[in-house]
Amino acid sequence: MQGKAIKYGDNIDTDVIIPARFLNTSDPKELAEHCMEDLDREFKNKVKEGDILVVGENFGCGSSREHAPLAIKASGISCIIAKSFARIFYRNAINIGLPILESREAVDGIEEGDIVSVDVDNGIIRNVTKGTEFKAQPFPEFIKEIIKYGGLINYVREKVR
Amino acid sequence: MGLTLTQKILSAKAGREVKPGELIEIDVDMVLGNDITAPVAIKEFEKIGVDKVFDNTKIALVPDHFVPSKDIKSAEQVNVMRKFAKKYNIVNFFEVGRMGIEHALLPEQGLVLPGDVVIGADSHTCTYGALTCFATGVGSTDMAAAMATGKAWFKVPEAIKFVLKGNLGKWVSGKDVILYIIGKIGVDGALYKSMEFTGNIKALSIDDRFTIANMAIEAGAKNGIFDFDEITEAYVKKRAKREYKVFERDEDAEYSEVIEINLDDIRPQVAFPHLPENTRSIDEVGKVKIDQVVIGSCTNGRLSDMEIAYRILKGKKVHPDVRLIIFPATQEIYLECVKRGYIEEFIKAGAAVSTPTCGPCLGGHMGVLAKGERALATTNRNFVGRMGHPESEVYLASPAVAAASAIAGYIVSPEEVE
Ligand code: SF4
């Protein structure tokens with residue numbers, strides 16, 4: 001996958017990713033309308049299908065609302081690269097089949113607007129604009145399995161069949 | 001190498017000794033969801049294609065965030081839960097008028113017990129660690145999968161050990177202890193890890209422990225967990241309707257860090273906007289004027305919290321420029337407050353008292369902030385826009401500081417209004 005980088009800082013919490021006042025729905029399209037709006041009013045207009053979110057430490061901290069990764073995914077973001085993720089966000093992203101990678105070096109080496117390509121299977125991140133390459137920790141087998149099935153629900157459906 | 005308390009519980013479930021970093025899939029004893037997360041989980045559950053839940057007694061559905069339903073959309077969400085509960089005969093569905101904020105309700109109802117593995121599609125599920133169980137927040141998809149299979153996947157965490165020493169000063173509570181700790185280690189200080197509390201835990205009531213475990217997530221932790229003692233036993237004995245198992249950590253357990261906390265050193269704490277780690281001692285707060293005070297939530301809506309608010313507010317008046325909103329966490333607590341005469345004093349003092357709901361805690365309803373307004377709350381998060389307008393502010397503190405500040409009109413120590 002390849003896209004333009006959209007970059008934010010540390011400790012981006014789920015309340016700014018999708019504020020609670022919009023949680024009376026679980027429709028991904030409606031959620032995407034308000035994604036990131038308390039942090040960046042322009043997000044909705046600047047995000048294009050396939051773009052890559054590049055963020056700092058502890059991304060997605062706060063509540064367990066799956067509406068947060070759902071809103072990000074529905075807004076068109078194809079992958080998130082962070083210095084670190086809050087743990088519930090991390091598992092939610094995997095469970096809904098939104099690829100995420102952790103790499104401090106990659107985050108420091110990518111600027112807003114750079115074109116970035118990602119090989120999730122092998123954990124390789126390329127900054128196409130700058131011609132640099134970074135390595136993220138690839139996923140353990142069990143998680144690769146979930147991602148291969150396109151999320152936890154498909155994985156469980158296969159198993160209970 | 002020995003095992004931490006959390007690793008002990010996870011090993012028992014896995015049926016073998018587990019190691020930190022390892023991924024395991026284990027049985028869960030309770031699966032929880034609320035009116036925000038359960039409707040999403042139910043939608044996912046239907047996709048799996050099973051015709052029953054794994055166990056209709058081990059699922060708890062608690063509509064608490066936007067109830068009594070604040071608008072049509074939220075009413076529809078609760079209806080999704082209600083119908084699902086009927087269809088699958090979910091025993092633990094808690095209707096309005098019989099409910100409470102999930103994390104106060106489940107322990108009170110004896111639904112979570114020592115040694116359990118509990119997952120909840122709500123981040124503050126970690127609250128139950130006060131009862132020496134492994135409890136952690138997950139997402140809606142995890143909840144859906146667990147409702148079908150009775151299982152969940154975890155990465156076995158490392159732990160930080162907090163050794164408590166000394167005793168709490170007057171007006172200092174569990175809330176101050178956890179704010180103090182988060183101020184020390186930061187909002188990602190325990191990322192992916194367990195926070196294990198040991199040492200002089202006798203200095204802490206069970207309500208103090210719930211408050212501390214509740215905010216483990218605010219330090220990024222996977223779970224918070226306390227040793228089991230007579231205080232835990234006294235609490236669970238009268239509530240448990242099934243057997244439970246008491247675990248102890250190994251003497252030679254390995255910790256990523258050991259932190260000593262001297263309770264005597266802790267003064268009442270206040271967390272400034274917009275992160276729970278921005279803590280200051282009450283003596284360093286300065287004069288911060290407030291528009292609204294909120295006492296309640298899964299962090300501080302228990303009987304002892306109501307009691308301390310009552311002791312401070314009795315015979316006093318809420319400052320004319322302040323709105324004080326008090327919401328007891330469960331119907332049982334609410335009723336006890338009525339019987340003890342707390343509610344009457346709250347109303348005489350000029351407070352608004354609400355039926356149990358999450359309401360103002362997440363800026364849902366029952367006390368949303370306008371642009372530029374400032375609230376002092378006994379809740380657990382002060383993120384941007386948490387309680388309303390993105391340009392409003394939330395300060396976090398204990399019920400004692402909150403009640404005293406409601407009288408003063410700005411943030412003060414309870415010592416000042418005594
Ligand atoms: S009281 Fe607040 S923190 Fe607790 S469950 Fe409700 S919304 Fe979440």
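A salt bridge is taken here as a side-chain nitrogen of Lys or Arg within 4 Å of a carboxyl oxygen of Asp or Glu. By that rule, 4 salt bridges cross the interface of chain B and chain A, while a search of the whole structure finds 40 over all chains.

The structure is a predicted model, in which local features need pLDDT of at least 70 and side-chain atom pairs count only at pLDDT 80 or more, whereas totals for chains, interfaces and linings use all residues. Residues are numbered from 1 along each chain as its sequence is written, chains are lettered from A and ligands numbered from 1 in the order in which they are written, and side-chain values use heavy atoms, with hydrogens and water left out.

**The interface**

With contact meaning heavy atoms within 4.5 Å, the interface draws 47 residues from chain B and 45 residues from chain A. The buried area, which is the accessible area (1.4 Å probe) that two parts lose on being put together, summed over both, comes to about 3,800 Å² between chain B and chain A, and carbon and sulfur atoms give 59% of it. On the side of chain B, Thr141(B), Trp153(B) and Tyr192(B) lose the most area to chain A, together 18% of what that side buries.

**Salt bridges**

Three of the pairs are listed with the distance between their closest N and O atoms.

| Acidic residue | Basic residue | Closest N and O atoms |
|---|---|---|
| Asp142(B) | Arg91(A) | 3.0 Å |
| Asp15(A) | Arg386(B) | 3.0 Å |
| Asp29(B) | Lys13(B) | 2.9 Å |

Arg386(B) lies in the loop between strand E17 (374-377) and strand E18 (393-396) of chain B, and Asp15(A) in helix H1 (residues 14-17) of chain A, so this pair joins two chains; helices (H or I, at least four residues) and strands (E, at least two) are DSSP runs, numbered from the N terminus. Both Arg386(B) and Asp15(A) are buried, where buried means under 20% relative accessible area, exposed over 50% and partly exposed in between (1.4 Å probe, protein chains only). Asp15(A), Arg65(A) and Arg386(B) are linked in a network of salt bridges.

Asp142(B), in helix H5 of chain B, and Arg91(A), in helix H5 (residues 87-95) of chain A, likewise form a pair that joins two chains. Asp142(B) is buried at a relative accessible area of 3%, and Arg91(A) is buried with a value of 3%.

Within chain B, Asp29(B) in the loop between E1 and strand E2 (30-34) pairs with Lys13(B) in helix H1 (residues 5-14), so that parts 16 residues apart in sequence are tied together. Asp29(B) counts as buried at 12% relative accessibility, whereas Lys13(B) is partly exposed at 29%.
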